[in-house]
Amino acid sequence: RFVIRYIADKKLGIHDAEKIPQHFSAASRNQIISLKSSPSALKKVSVFDITGKLLYNCPQVGTSEHEITSIQAGPQILLVKATLENEEVQTRKVLF
């Protein structure tokens, strides 16, 4: 058996972490997907179609800007998943 006690003057052990805002953008123009990230560089980039099929994968990017030109697909919505150098994962939708 155990007893749950509520103590009103104590706070939980969760601290507000200061988070540095990460800016990540993905844009598509003329069959080219352009990715930009700041202040962290891109580590990994994957592109999926709306059904979840992997269309592009680059496991080692290492820069803050990246262009994808090798996708052969018709007009559709694609999901761009990028892992930044600080291990934060960002996902964006682009109209291809």
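Let me begin with a word I will lean on throughout: a residue is called buried when its relative accessible area is under 20%, exposed when that area is over 50%, and partly exposed in between. By that rule T83, with a relative accessible area of 9%, is buried, and I will come back to T83 once the overall picture is in place. Please keep in mind that what we have here is a predicted model.

Starting with the chain as a whole, the secondary structure comes to zero helices and seven strands, so that, read along the sequence, the pattern is simply β-β-β-β-β-β-β. The protein chain has 96 residues, and buried residues make up 29% of them. Its exposed surface comes to about 7,600 Å², of which carbon and sulfur atoms supply 52%. As for how the chain meets itself, if we take the contacts between residues at least 6 apart in sequence, 47% of those contacts join residues at least 24 apart.

Now to the interior. In soluble globular proteins, nonpolar side chains tend to be buried together. In this model the largest nonpolar core holds 18 residues, and the ones that touch the most other members are I33, L35, L42, V45, I68, I71 and V80. Two or more residues of this core come from each of the strands β1 (23–29), β2 (32–38), β3 (42–49), β4 (54–58) and β6, and it is β6 that gives the largest share, four residues.

Let me stay with L42 for a moment, since it is one of those well-connected core members. Leaving aside neighbours within four places in sequence, L42 is in contact with F24, L35, S37, V61, G62, T63, S64, H66, A82, T83, L84 and E85. That list brings us back to T83, which is found in strand β6, residues 77–84. With the same neighbours left aside, T83 is in contact with L42, K43, K44, E88 and V89.

One of those partners, K43, leads to the next topic, which is charge pairing. How many salt bridges does the model have? The count comes to one, and it is formed by K43 with E87, whose closest N and O atoms are 2.4 Å apart. This pair links distant parts of the chain, with K43 in strand β3 and E87 in the loop between β6 and β7 (89–95), 44 residues apart. Are the two partners buried or exposed? Neither word fits, because K43 has a relative accessible area of 30% and E87 one of 47%, and each value lies between the cut-offs of 20% and 50%, which makes both residues partly exposed.

Another lysine, K36, lies in strand β2, and with a relative accessible area of 45% K36 is also partly exposed. K36 and S25 are eleven residues apart in sequence, while in space they are 5.3 Å apart, C-alpha to C-alpha. Not counting residues up to four places away in sequence, K36 touches H23, F24, S25, S64 and E65.

Finally, let us turn to the surface, where I50, I77 and L95 form a nonpolar patch with about 330 Å² of accessible area together. Within that patch, I77 has its place in strand β6 and is partly exposed, with a relative accessible area of 41%. Strand β6 therefore holds both the partly exposed I77 and, as we saw at the start, the buried T83.

Conventions:
Residues are numbered from 1 along each chain as its sequence is written. This is a predicted model: local features need pLDDT of at least 70, side-chain atom pairs count only at pLDDT 80 or more; totals for chains, interfaces and linings use all residues. Side-chain values use heavy atoms; hydrogens and water are left out. Buried means under 20% relative accessible area, exposed over 50%, partly exposed in between (1.4 Å probe, protein chains only). Contact means heavy atoms within 4.5 Å. Accessible areas come from the Shrake-Rupley method with a 1.4 Å probe; for residues, only the protein chains shown count as cover. A nonpolar core is a set of buried Ala, Val, Leu, Ile, Met, Phe, Trp, Tyr and Cys residues joined through side-chain atoms within 4.5 Å. Patches are made of residues with over 30% relative accessible area and no salt bridge: like charges are joined within 9 Å, nonpolar side chains (Val, Leu, Ile, Met, Phe, Trp, Tyr) within 5 Å. A salt bridge is a side-chain nitrogen of Lys or Arg within 4 Å of a carboxyl oxygen of Asp or Glu.
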